[in-house]
Amino acid sequence: MGWAWADHEQNAGGKPGHKHDDHGYDAGGATNGTNQIGELCAVLEALRAHPGPEPLLIESDSQYAINCSTKWVKGWKKNGWKNSQKKPVKNELIQAIDREISQRPGPVDFRWVKGHAGNEGNELVDELARTYAGDCRSGARDGYLPIEGWQSLLGSEYAHGTDVP
């Protein structure tokens, strides 16, 4: 499983509102997991890398990540972080994303982009995520997830055999 985010502007790191290096992107992954955990890790890490007051637009090809971050979270919060079956929302990533958005002084918007359709930024993050996931599986790199990503992964049915560095 892999995740990645990228700035539209290369070498944006170091500018006000950016807490990342000059790469203008970050990526990570684990030996196993789900696309949904990876998609939410990307959103969370993009938020953490851009904590400033300027508007932040997160483009994603994941309707799931967008809906978790913008629509469904409202109902889950209203219901005490319980889903429609009255069971706890299991994904720690969603609560972390909600906290980051709530604490961020600048606005956050999301835009869906079609995957695998030539969108330069989307193609870049797909390649970064795939590469990191492959490197984890081959042992070339250790897994790299936010702590909430590890919690979500280890609490899931996909935890068996996960190599946690």
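These legends accompany several views of one protein chain, shown as a predicted model.

**Figure 1. The whole chain, with five helices and four strands.** Let's start by walking along the sequence, where the elements follow the pattern β-β-α-β-α-α-β-α-α. The radius of gyration is 16 Å, close to the 15 Å that the globule rule gives for 165 residues, so the chain is as compact as a globular protein of that length. Along its principal axes, the C-alpha trace spans about 45 × 40 × 30 Å. Buried residues make up 43% of the 165 residues. The chain exposes about 9200 Å², and carbon and sulfur atoms supply 49% of that area. Take contacts between residues at least 6 apart in sequence: 69% of them join residues at least 24 apart.

**Figure 2. A close-up of the largest pocket, which holds about 1100 Å³ of space.** Here you can look for the 45 residues that line this pocket. Nearest its centre lie Ala 4, Trp 5, Ala 6, Gly 121 and Val 125. Which element gives the largest share of the lining? That is α4, with ten residues. The elements that each supply at least two lining residues include β1 (2-6), α1 (35-49) and β3 (56-60). Sorted by class, the lining of the largest pocket has 19 nonpolar, 16 polar and ten charged residues.

**Figure 3. A close-up of the second largest pocket, with about 430 Å³ of space.** Of the 17 residues lining this pocket, the closest to its centre are Gln 36, Tyr 64, Lys 90, Asn 91 and Ser 156. Helices α1, α2 (63-78), α3 (92-103) and α5 (147-154) each supply at least two residues of the lining. By class, the lining of the second largest pocket divides into six nonpolar, eight polar and three charged residues.

**Figure 4. A close-up of helix α5 and its buried residues.** Which residues of α5 are buried? They are Glu 148, Gly 149, Trp 150, Ser 152 and Leu 153. What covers these buried residues includes α1 and α3. You may remember α5 from the previous view, where this helix supplies at least two residues of the lining of the second largest pocket.

**Figure 5. A close-up of Ala 117, in the loop between β4 (108-112) and α4.** Ala 117 has a relative accessible area of 48%, so this residue counts as partly exposed. Now find Ala 133, which is 16 residues away from Ala 117 along the chain. The C-alpha atoms of Ala 117 and Ala 133 are separated by 21 Å.

Note on methods:
Residues numbered from 1 in each chain as written. Predicted model: local features only at pLDDT ≥ 70, side-chain atom pairs only at ≥ 80, totals over all residues. Heavy atoms only, no water. 1 Å grid on protein atoms, 1.4 Å probe; cavity = no way out; pocket = protein on both sides within 12 Å on 5 of 7 lines; lining within 4 Å. Points joined across faces, edges and corners; volume = space filled by probe spheres on them. Nonpolar A, V, L, I, M, F, W, Y, C, P; charged D, E, K, R; others polar. Buried < 20%, exposed > 50% of the residue type's maximum accessible area, 1.4 Å probe, protein only. Contact = heavy atoms within 4.5 Å. Rg over C-alpha atoms; globule rule 2.2 N^0.38 Å. Areas by Shrake-Rupley, 256 points an atom, 1.4 Å probe, with all protein chains shown as cover.
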